[in-house]
Amino acid sequence: MTDTPKTIAIIGAGINGVATAIWAQREGHKVILIEREEQAGEGASFGNGGVLAACSVVPVTVPGLLRKAPKMLFSPRQPLFLKWSYLPRLAPWLMKYLSHANAGEVRRIAQALHGIIGDSLQDHLALARGTGAEEFIRPADYLFLYRDRAHYEGDAFGWGIRRDMGVTWDEMERPALTEYDPTLSDAVGFAARVGDHGRISDPGRYVKALAAHAVANGAEMIRATATDFARENGRITGVRVATRSGEDTIACDAAVLATGAWSKALGEKLGLRIPLETERGYHLELWEPSVMPRSPGMVASGKFVMTPMEGRLRLAGIVEFGGLDTPASAAPIALLKRQLAEILPGLTWAHEQEWMGHRPAPADSIPAIGEVPGIKGAFLGFGHHHVGLTGGPKTGQILARLISGGKPNIDLEPYSPARFVY
């Protein structure tokens with residue numbers, strides 16, 4: 001616990017912001033959560049796949065992506081979509097993004113991600129302990145589902161990266177897979193089963209429960225849109241916000257920017273040029289399904305996750321580039337349904353719900369975590385791409401420790417906001 005309690009304004013009440021709030025309170029600080037939505041956990045923290053995917057260290061930008069991407073965009077069976085009118089705005093970011101699609105960069109990115117998500121289940125248990133949110137955390141295997149062994153071996157590069165990070169797994173041919181989970185069709189002829197993972201049975205309620213605990217312990221929750229920062233002598237003194245009643249400045253000793261895909265504009269107020277895009281993700285929830293898979297599974301051919309949740313099966317994934325403002329597309333959900341029919345034929349359900357949200361995608365696939373150079377008390381905690389839920393607790397713990405003047409037991413150089421200074 002710190003000897004000098006501070007008032008911390010945390011912009012964004014998703015998993016990163018709420019985790020920072022709880023760990024900051026445990027350090028003895030006063031917390032103010034600033035959230036533009038009606039409630040905490042309404043963005044990507046609500047709509048994610050729900051898997052505590054500690055092994056998901058391999059970024060999208062693997063070698064060969066540049067060659068494959070055009071074919072994927074024009075195939076109705078591939079999980080990559082683009083709103084073509086957005087391409088001119090996307091192009092500068094996309095060029096930076098694709099520049100990392102080589103073996104050396106993948107290894108560097110994987111090492112950085114592993115530092116944040118490698119102990120995800122234990123990190124979540126530590127965060128949730130005593131909050132009432134523990135009930136949503138379920139230990140689980142994580143399956144990667146393939147057509148056959150040859151399909152699996154086509155991912156040898158990624159599995160080699162995971163092995164280098166200390167990940168272990170079991171290889172399951174069709175007979176063993178049938179014994180493990182008979183709900184899966186013959187379209188799945190091979191699986192890699194990774195143990196010691198977890199799932200969140202209701203991500204939205206989980207984050208809300210964590211936020212409610214923070215509020216019960218003295219955190220102030222303010223519904224407002226942050227617009228700028230107040231500074232004096234190179235130090236943060238407040239966060240400027242717009243509310244229903246007008247503009248205001250919320251006084252604080254430090255501010256944490258944790259607004260996910262919306263962080264770019266506020267980052268510019270801190271003198272940062274952040275190559276950040278929204279990677280739009282979709283989910284489809286099937287309520288009261290006639291069968292439920294035993295464990296969360298990544299369907300390799302469709303790059304989507306099937307996760308058992310309370311009362312429903314969630315299918316989450318797909319990549320679409322189209323910005324923050326354009327409406328959802330119909331094609332991604334249609335693709336999820338077609339691919340599901342191959343994996344779980346005959347599945348029926350009572351009703352369904354569709355959702356589209358925004359993953360924060362930095363061009364280098366590494367989250368921004370740490371203090372902004374030259375501005376005392378300005379901290380970043382966003383950019384986790386596909387592993388925001390997985391890495392939220394560790395991110396919050398690191399930020400709380402930095403705010404207290406401590407030194408986390410992890411090399412923070414890969415996540416440094418200094419890479420965005422211009």
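What follows is a short conversation about how some labels for this predicted model are earned.

Reader: How do you know which residues and atoms count?

Author: Residues are numbered from 1 along each chain as its sequence is written, and side-chain values use heavy atoms, with hydrogens and water left out. Since the model is predicted, local features need pLDDT of at least 70 and side-chain atom pairs count only at pLDDT 80 or more, while totals for chains, interfaces and linings use all residues.

Reader: Why is arginine 77 called partly exposed?

Author: Its relative accessible area is 42%. Buried means under 20%, exposed over 50%, and partly exposed in between (1.4 Å probe, protein chains only), so 42% puts arginine 77 in the partly exposed class. You will find arginine 77 in the loop between helix H3 (65-73) and strand E4 (80-82); helices (H or I, at least four residues) and strands (E, at least two) are DSSP runs, numbered from the N terminus.

Reader: What makes a residue a contact of arginine 77?

Author: Contact means heavy atoms within 4.5 Å. Not counting residues up to four places away in sequence, arginine 77 touches Leu335, Gln339 and Glu342. Arginine 338 is 261 residues away in sequence, yet its C-alpha is 8.8 Å from that of arginine 77.

Reader: Is threonine 259 buried or exposed, and how do you know?

Author: Threonine 259 has 19% relative accessibility, so it counts as buried. This residue lies in the loop between strand E12 (254-257) and helix H11 (263-269), where it touches Ile11 and Gly12, leaving out residues up to four places away in sequence.

Reader: And what class does histidine 114 belong to, and why?

Author: With 25% relative accessibility, histidine 114 counts as partly exposed. It sits in helix H5 and is in contact with Val57 and Met165, leaving aside neighbours within four places in sequence.

Reader: Why are H5 and H8 called oblique?

Author: They pack at an angle of about 40°, with their axes 10 Å apart. Axes are lines fitted to C-alpha atoms, for helices over the stretch in contact, and angles run from 0 to 180 degrees between N-to-C directions. Angles under 35 degrees count as roughly parallel, over 145 as roughly antiparallel, 65 to 115 as roughly perpendicular and the rest as oblique. An angle of about 40° falls in the rest, so the pair is oblique.

Reader: Which residues make that contact?

Author: On H5, Ala103, Val106, Arg107 and Ala110; on H8, Phe157, Ile161 and Asp164.

Reader: What makes a nonpolar core?

Author: It is a set of buried Ala, Val, Leu, Ile, Met, Phe, Trp, Tyr and Cys residues joined through side-chain atoms within 4.5 Å. The largest one here has 53 residues, and those with the most contacts inside it are Leu127, Tyr206, Leu210, Val256 and Tyr415. Apart from it lies another core of 27 residues, among them Ala9, Ile34, Ala226 and Leu257.

Reader: What makes the phi of aspartate 196 worth a remark?

Author: Most residues other than glycine have a negative phi. Aspartate 196 is not a glycine, but its phi is positive, about 60°. This residue lies in strand E7 and, at 73% relative accessibility, counts as exposed.

Reader: Where is glutamate 288, and why is it called exposed?

Author: Glutamate 288 is in the loop between strand E13 (276-287) and strand E14 (297-299). Its relative accessible area is 56%, so it is exposed. Glutamate 288 also has a positive phi, near 55°.
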